[in-house]
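Hi,

Here is the structure I promised to pass on to you. Please have a look at it first, and then read my notes below.

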Amino acid sequence: MIDIDLTATVSDSTRRFTLATRFASEAPVVALYGASGAGKSLTLQAIAGLLRPDRGHVRVGGRVLFDSARGVDLPPDRRGVGYLFQHYALFPHLSVRENVAFGLTRWWRRGLSGDRAARVDALLRSFDLTELARSRPAGLSGGQQQRVALARALACGPELLLLDEPFAALNPLLRHDLRGQLAEVFRRWQMPVVMITHDVDDVLALADVAFVVEHGQVVREVDLRSGEGRDVTRRVLVPDLDIAPLTARERRVRALLHVPVDG
Ligand SMILES: Nc1ncnc2c1ncn2[C@@H]1O[C@H](COP(=O)(O)OP(=O)(O)OP(=O)(O)O)[C@@H](O)[C@H]1O
């Protein structure tokens, strides 16, 4: 269960933006969907503890991560949250293995103990990165970089995974293929996910519930679990099916999200 109700104000010398976001869901995969600048990344940062809200609460699976009324404000490293940054933010001077190990930062500085080294190796295997372990990120494909970033986000054993535009760094063809892979990661790791996107196809392929964000506020909730189930995810995994016309469900979801049916 994720339960968010917060307000935050960010400003610099020329701009001021107010976030007043509120949503709650028990769905495994929640999407925050909205246009660029709507306030999605700031919401994710507030959940992760990278942005301090003015007031409100952030609760995840019964744990209180932030509650202004109760004086609770856990630091990022105690929130149990894995964060996949937009464009992945891999460290260019570190190898794949070192990047993944960085998810265990505090121990990394003093070297990895046996247990943690084993965990990193298991993550590398799990994301099919073992053979790339000594490579630098610049030499990797977009999909490989995404896998490194996911492995790093999962290294600390988080209870919630936050994904900021997981496909933003990829070309459209690769996005299509990697949606299926990400759906597989969600199934395998079985942890709640909050994903932000401005692509309706990400929502259709991956989310159970979508919250539409506009001007710093959640204005609409769309439950994608009703009706035909996860047929759209199957269509992504079987690309040939993608040439089929939109299903009735896709049309309904696009209408709810206010996306043109041919858009
Ligand atoms: N430190 C800041 N000072 C002033 N304005 C800011 C600051 N940080 C973000 N903003 C503004 O707040 C708004 C919301 O930003 P946010 O990054 O959450 O948008 P977003 O919905 O994630 O957009 P995108 O999809 O492009 O990443 C934007 O207009 C942004 O310019």
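Ala138 sits in the loop that links helix H4 (114-126) to H5; helices (H or I, at least four residues) and strands (E, at least two) are DSSP runs, numbered from the N terminus. Ala138 counts as exposed because it has 9 C-beta neighbours inside 10 Å. For burial in general I used these cut-offs: a residue is buried if 20 or more other C-beta atoms lie within 10 Å of its own, exposed if 12 or fewer, and partly exposed in between, with C-beta atoms placed from the backbone. From C-alpha to C-alpha, Ala138 and Arg16 are 35 Å apart in space, and 122 residues separate them in sequence.

Two housekeeping points before the rest. Residues are numbered from 1 along each chain as its sequence is written. Please keep in mind that this is a predicted model, in which local features need pLDDT of at least 70 and side-chain atom pairs count only at pLDDT 80 or more, while totals for chains, interfaces and linings use all residues.

Now the overall picture. The chain holds nine helices and eleven strands, and buried residues account for 38% of its 263 residues. Of the contacts between residues at least 6 apart in sequence, 67% join residues at least 24 apart; a contact here means that the C-beta atoms of two residues, placed from the backbone, lie within 7 Å.

The chain is split into domain 1 (2-80 + 158-256) and domain 2 (92-154), with bounds that come from an automatic or database domain assignment. Where the two domains touch, domain 1 contributes nine residues and domain 2 contributes six residues. On the domain 1 side, helix H6 (residues 172-189) gives the most, with four residues. That side of domain 1 has nine nonpolar residues, no polar and no charged ones. The classes are as follows: Ala, Val, Leu, Ile, Met, Phe, Trp, Tyr, Cys and Pro count as nonpolar, Asp, Glu, Lys and Arg as charged, and the others, Gly among them, as polar.

On to the sheets. I call two strands paired if DSSP finds at least two bridges between them. One open sheet has six strands, in the order E7-E8-E9-E3-E10-E11, with mixed pairing. Strand E7 (81-84) and strand E11 (217-223) are at its edges with a single partner strand each, so one side of each has no neighbour in the sheet. On average, and ignoring direction, neighbouring strands of this sheet are turned by 20° against each other; axes are lines fitted to C-alpha atoms, for helices over the stretch in contact, and angles run from 0 to 180 degrees between N-to-C directions.

Within this sheet, E7 and E8 run parallel and are joined by four bridges, with Leu84 partnered by Leu163 in E8. E8 also pairs in the parallel sense with strand E9 (residues 193-197), again over four bridges, and there Leu162 has Val194 as its bridge partner. Further along, strand E3 (residues 29-33) runs parallel to strand E10 (residues 209-214), joined by four bridges, and Ala31 stands opposite Ala210.

How well is E8 covered? Five of its five residues are buried: Leu160, Leu162 and Asp164 point one way, and Leu161 and Leu163 the other way. E7 is likewise covered on both faces, with Val81 and Tyr83 buried on one side and Gly82 and Leu84 on the other. Helix H5 (residues 142-154) lies across E7 and strand E8 (160-164), at about 165° to E7.

The other open sheet has five strands in the order E2-E1-E4-E5-E6, with antiparallel pairing. Its edge strands are strand E2 (16-25) and strand E6 (72-73), each of which pairs on one side only. Strand E1 (residues 2-11) pairs with E2 over ten bridges, and Val10 has Phe17 in E2 as its bridge partner. Helix H1 (residues 40-48) packs on this sheet, touching E1, E2 and strand E4 (55-60), and its direction makes about 115° with that of E1.

Finally, the ligand. Its shell has 14 residues, the closest being Phe17, Ser36, Lys40, Ser41 and Leu42; a residue is near if its C-beta atom, placed from the backbone, lies within 6 Å. H1 supplies the largest share, three residues. By class, the shell has four nonpolar, seven polar and three charged residues.

Best wishes
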